[in-house]
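Pull up the model and let's take a walk through it together. Have both the sequence and the 3D view open as you read.

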Amino acid sequence: MDLRTLTFIVVGASFALYIGIAFWTRARSTGDFYVAGTHVHPVANGMATAADWMSAASFISMAGLIAFLGYDGSVYLMGWTGGYVLLALLLAPYLRKWGRFTVPEFIGERYYSNAARTVAVICLIFISFTYVAGQMRGVGIVFSRFLEVPLHIGLALGMGVVFIYAVLGGMKGITYTQVAQYCVLIFAYTVPAVFIAIQLTGNPVPQLGLGGTLLGEGAYLLDKLDQIVTELGFRAYTDGSKSTVDVFAITLALMVGTAGLPHVIVRFFTVPKVSDARRSAGWALLFIAILYTTAPAVGAMARYNLINTLQPGEIGAVDGSLAYAQRPPWFRTWEDTGLLRFTDRNGDDRVQYYNDANPHFAATADRYGWQGNELEVDQDIIVLANPEIARLPNWVIALVAAGGIAAALSTAAGLLLVISAAFSHDLLKSIIAPGITDRQELAAGRIAAGVAIVLAGYLGWNPPGFVAQVVAFAFGLAAASLFPAILLGIFSKRMNKQGAIAGMLTGLVFTFSYILVYKGVFFEPLRENIAANWLFGISPEGIGVVGMLLNFAVAFAVSRATRPPPAEVQELVEYIRIPRGAVAANSAH
Amino acid sequence: MTERDDRAYWRANLKLVGLCLAAWFVVSYGFGILLVDALNRISFFGFKLGFWFAQQGSIFAFLVIIFFYAWRMNALDRKFGVDED
C-alpha cells in the first residue's frame, strides 16, 4: 500500500474515533457544555489537559527549535512545563472550590464588577484567537504535506471534525476526545524517537540516550555534537547565546503565561473535587513531560544525524561534504516541499552546510573554498522527516501525520470552547440578557462555538502576516493581565475592584505597547528588535514578566488607596481557601 | 471548626506553598539558568549538569514538587478536618 493511502486510512480512522466519542458524550446542560458536569476523573483530566496544552507547535516545531537553538531552547522546555507548578499550587484548587464555569466569571465575581469581567473577556478573546489561528494553520500544513490535498480542503476537514465534537459535546465531548488525541499524539511522537535513540546510542529510552555514548564511537553524543557543530562555525550545542537576564525573563513569562491561559485553567474546573484538582495538575504535567523530555533528545539526535549526512567526510576536505547527486531519498522528498533548499554557491555540486554568519569562521570557510551556507533547513523538518531519516516503515509516517493533526485539533477545540463560553456565559447570560434559560444559553454556546470555528478557519486559511509574531502576545498578555488578577483574588483578601482593574489595564497596555514597538505587527517596528535597544535587556518574548510586576505594583498601590472589598467578597475569599463544602458547578450559588 | 483553625490551616498551606516554590525556583532558575555555567563543569551521566537541569532535570523536579504538594495538602486537609469527604 502506498504512503498516501495509508496516511488517509490512519488519519481517517482517527477522525472516526473522535466523532464516535462526540456522539457518545453529547452535552445535555450548560454544566456539561462548560465544565463536563465536573465528573472527569483526575487522570483523564490530566491527559485531556496535556492534549489541550500541547499544540501543533509543541508537536511539529519544538524539537526542531531546540535542535537549532541548543541550550537556548531550554526556555521553552522549562517555560512550558514549570507553569503547571504555579497552577497546582496557586490557582487550580481554589478555582475548583469556587466552582463556576469561566475565568472572566471568577474575575467578575471576585472583583464585584462587570467592568473587570469585560476586561478579562477581552484578554481571553485576544489570547485565544492568537493561539487558535496557529492551530488551524498547523492542521492545514499537515494535510498539505502528508496528504497532498490543497490547504483549504485540509482546513475545511479539520474545521468540520472540530465542529462536530465541540458543538455537540462541548467540554464533555472535548475532554474525552482529547484523551484519545493524547494517546495518538504521544504514540506518534515517541515511536520514531525510540528507534532513533536505538540506532544512535543503543539505548531505547530517548531521555537516557541523550546522555549516552554513540555506537561505534564511544564518545558521548552531546560532546561529539558540541565538537562537530563548532567545527562548522556554529555555537556549541550545550552553550547559549541569549543573555542570562533574557533567558530568565522568557522562561518566567512562559511559565506565568501558561498558568494564566484560560483554556488551561478551565480544564481544572471539570474534576469532581479540590484534592482532584491538585493531583490532576501533576498528572497533566506527567503526560506533558513524556513529550517534553523526549523533545530535547529528538532535537539533539536529529541535529547530529543531519550534520553527519551532510558531512560524510573530513570537514574542509574537497570531498568532505555530501555530493548533491548522492543525497538520500528523504532529502529529495523534503526538497519537494520546500523545507530543505539547496543553492550551490561555489559550484562544486556538493552541499556545504555551515554558519556563514560567524565572522570568526569566515577565514576558515574561505580556506575551504566555501562561499556561503548552501542549505536552508526549516525547523519543522526535524519532527516531520524523523521517521524517514530513521528508515522507519510507512505506518509510522502515517502515524506522525495523525499525531500532528491530533495535537492541533485538541488545542483548537479547547480554545474554541473558552471563546464560546466567554460569549454565551460572560457576555450574553451575565451582561446582555440575564433572563435567558439554561437551554437558550446552551444553544447560544453552540452557535458561538460554530462561529468561532469558522473565524478560526478563516485565520488559518488567510493568516494575517503577524500570526507568527504574535505568539509572544498570548503568553505575555496572560502573564501580565489574567494571572496577577486571579492570584491576588485568592491570596489577597484586601485586593479590591479598583486595584485589580488598574493592575490588569497597566499590565495589558504596557506589554502590548512594548511588543508593538519592537515587533510592529500592524506597522513598521518603531525600534529595531535587538538586545541593545531592549528595556533591561529583556526581549519582547520575556517582557510579560515586567508587565506582571507592574500589574502587582499598581494593584497594591491603588487598592491601598481605595475602599476594601465588601464583606461578602471577603467571605468568598475565605470560602475558596478551604476545600470543605465544594459543590458541583452550577450557574448560581 | 473555628475561625482560628481555618487561619492555622491557611498558614500551614502558605508555608508548604513557599517551600515548594523555593524548590521550583532553585531547580529551574537556579540550576538551569543562573548557575548553569558553574554546574556545566560537572559531568552527570554524559550530560553537563547545568544543561541537564535546563533540559530534563527541572521538568522531573516539577513533577515531584506537584505530587509532593498534593500529597501533603491532602494530608493537611484531613488533619484540620477541612477535606471534602
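What follows goes from the parts of chain A to chain B, then to the contact between them, and ends with a few backbone oddities.

Keep in mind throughout that this is a predicted model. Let's begin with how chain A is divided up. The domain assignment splits it into domain 1, covering 3-303 + 389-577, and domain 2, covering 304-377. Notice that domain 1 is written as two segments. Measured out between C-alpha centres would be the wrong phrase for a prediction, so let's just say that the computed distance between the centres of the two domains of chain A is 36 Å. Where the domains of chain A meet, 15 residues of domain 1 are in contact with 12 residues of domain 2. On the domain 1 side, the elements giving two or more residues are α10 (221-231) and α13 of chain A. Of these, α10(A) gives the most, with five residues. Sorted by class, that side of domain 1 of chain A has 11 nonpolar, one polar and three charged residues.

Now follow α13(A) itself, residues 274-310. Its 37 residues should span 54 Å at 1.5 Å a residue, and its end C-alpha atoms are indeed 54 Å apart, which agrees. There is a bend along the way, of about 30° at A:Ala289. How many residues of α13(A) are buried? The count is 31 of the 37, so this helix is largely enclosed by the rest of the structure.

Next comes a shorter stretch to look at, α3(A), which runs over residues 42-53. At 1.5 Å a residue, its 12 residues should span 16 Å, and the end C-alpha atoms are 16 Å apart, in agreement. Like α13(A), α3(A) is mostly covered, with 11 of its 12 residues buried. The buried ones include A:Pro42, A:Gly46, A:Met47 and A:Trp53. And what do they pack against? The partners of the buried residues of α3(A) are α8 (151-201), α12 (262-265), α13 and α18 (394-432) of chain A.

Another helix worth tracing is α7(A), with 33 residues. From first C-alpha to last it reaches 47 Å, close to the 48 Å expected at 1.5 Å a residue. α7(A) is mostly covered too, as 25 of its 33 residues are buried.

Switch over to chain B. You'll find three helices and two strands here, and from the N terminus on they run α-α-β-β-α. Is chain B compact or spread out? Its radius of gyration is 17 Å, well over the 12 Å that the globule rule gives for 85 residues, so chain B is more spread out than a compact globule. The box filled by its C-alpha atoms tells you about the proportions: roughly 55 × 20 × 15 Å along the principal axes. Buried residues make up 39% of the 85 residues in chain B. As for how the chain contacts itself, take the contacts with a separation of 6 or more: residues 24 or more positions apart account for 57% of them.

With both chains in mind, look at where they touch. The contact takes 39 residues from chain A and 36 residues from chain B. On the chain A side, α5 (74-98), α11 (244-259) and α13 (274-310) each supply at least two residues. α13(A) turns up again here, giving the most to this side with 12 residues. By class, the side of chain A that touches chain B has 21 nonpolar, 13 polar and five charged residues. In α13(A), then, you have a helix that gives residues to the side facing chain B and also to the side of domain 1 that touches domain 2 of chain A.

Finally, the backbone. Most residues other than glycine have a negative phi, which makes a few spots worth a stop. One is A:Tyr112, whose phi is near 35°, a positive value. A:Tyr112 lies in the loop between α6 (103-110) and α7 (114-146) of chain A. Is A:Tyr112 buried or partly exposed? With 15 C-beta neighbours inside 10 Å, it counts as partly exposed. Past the other end of that helix, α7(A) is followed by A:Glu148, which has a positive phi near 50°.

Chain B has a case as well. B:Phe45 has a positive phi of about 45° although it is not a glycine. You'll find B:Phe45 in the loop between β1 (43-44) and β2 (47-48) of chain B. B:Phe45 is exposed, with 11 other C-beta atoms within 10 Å.

Terms used
Residues numbered from 1 in each chain as written. Chains lettered and ligands numbered in written order. Predicted model: local features only at pLDDT ≥ 70, side-chain atom pairs only at ≥ 80, totals over all residues. Contact = placed C-beta atoms within 7 Å. Helix = DSSP H or I, 4+ residues; strand = E, 2+ residues; numbered from the N terminus. Nonpolar A, V, L, I, M, F, W, Y, C, P; charged D, E, K, R; others polar. Expected span 1.5 Å × (residues − 1). Bend = angle between axes of the 7 residues up to and from the residue. Buried ≥ 20, exposed ≤ 12 C-beta atoms within 10 Å, placed from the backbone. Rg over C-alpha atoms; globule rule 2.2 N^0.38 Å. Domains from an automatic or database assignment.
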